[in-house]
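User: I am new to this structure and would like to learn how to read its features one at a time. Could you take me through a few of them, giving the general idea before the particular case?

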Amino acid sequence: MVTVNADKDLRKQLLALLKEAQAHATFDDAVADFPAAKRGAVPEGLPYSAWQLLEHLRIAQRDILEFSTNEDGHYEELKWPDGYWPEKAEPPSAKAWDESIAAIKEDLGEFEKLVEKGDLHTPFAWGQGQNLLREVLLVADHSAYHVGELIMLRRLLGIWR
């Protein structure tokens, strides 16, 4: 049975999914106090560094946000995989690392605003059936996957609690 508050309840759960730990560590946990000297390290058996994961998260989340807010037709699909992953393992600077984290948080805040006020169910006019609900779930799923990878990478580097 659908309650009168189903839409409100759904939005509340989506916001919790984007913002809270739920059953796993958060993005903030994964990047907190990450030693600068380890940000470009690629542990044995992994194909990328923490910097590459961080930038991939930023780029992919921004891409999904651009797609989700494409009313004016500004969205341009990135080339896979080159457009989504930085080539170099090392961040160009400590500032770049901090700016990437800030951009991820800022874009996540934009998704939160969309969840609070946007139409979750109607397919986008510019897509192929995608709607805001699907894109928010995609962001949450993608982030959880790569946050888990960041934590695994930290464990392999010996820098996880």
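Analyst: Please keep in mind that this is a predicted model. We can begin with a loop residue, Gln-130, which lies between α4 (94–117) and α5 (132–157).

User: Is Gln-130 buried or exposed, and which residues does Gln-130 touch?

Analyst: A residue counts as buried when its relative accessible area is under 20%, and Gln-130, at 17%, is therefore buried. Leaving aside residues up to four places away in sequence, Gln-130 touches Phe-67, Pro-123, Phe-124 and Glu-135, while its side chain also reaches the backbone nitrogen of Gln-128 at 2.4 Å.

User: How should I read the helix α3, and what caps the N-terminal end of α3?

Analyst: One can compare an expected span with the distance in the model: at 1.5 Å a residue, the 19 residues of α3 (residues 50–68) should span 27 Å, and the end C-alpha atoms are 27 Å apart, which agrees. Since 16 of the 19 residues of α3 are buried, this helix is largely enclosed by the rest of the structure. At the N-terminal end of α3 the cap is Ser-49, with a side-chain oxygen 3.3 Å from the backbone nitrogen of Trp-51.

User: At what angle do the axes of α1 and α4 cross?

Analyst: Two packed helices are described by the angle between their axes and the distance between the axes. The axes of α1 (residues 6–19) and α4 come within 9 Å and cross at roughly 175 degrees, so the two helices are roughly antiparallel to each other. The residues of this contact divide into 7 nonpolar, no polar and 5 charged, including Arg-11 and Leu-14 in α1 and Phe-111 and Glu-112 in α4.

Conventions: Residues numbered from 1 in each chain as written. Predicted model: local features only at pLDDT ≥ 70, side-chain atom pairs only at ≥ 80, totals over all residues. Heavy atoms only, no water. Helix = DSSP H or I, 4+ residues; strand = E, 2+ residues; numbered from the N terminus. Expected span 1.5 Å × (residues − 1). Buried < 20%, exposed > 50% of the residue type's maximum accessible area, 1.4 Å probe, protein only. Polar contact = N/O pair within 3.5 Å; in protein donor to acceptor, adjacent residues only side chain to side chain. Contact = heavy atoms within 4.5 Å. Axes fitted to C-alpha atoms, helices over the stretch in contact; angles between N-to-C directions. Parallel < 35°, antiparallel > 145°, perpendicular 65-115°, else oblique. Nonpolar A, V, L, I, M, F, W, Y, C, P; charged D, E, K, R; others polar.
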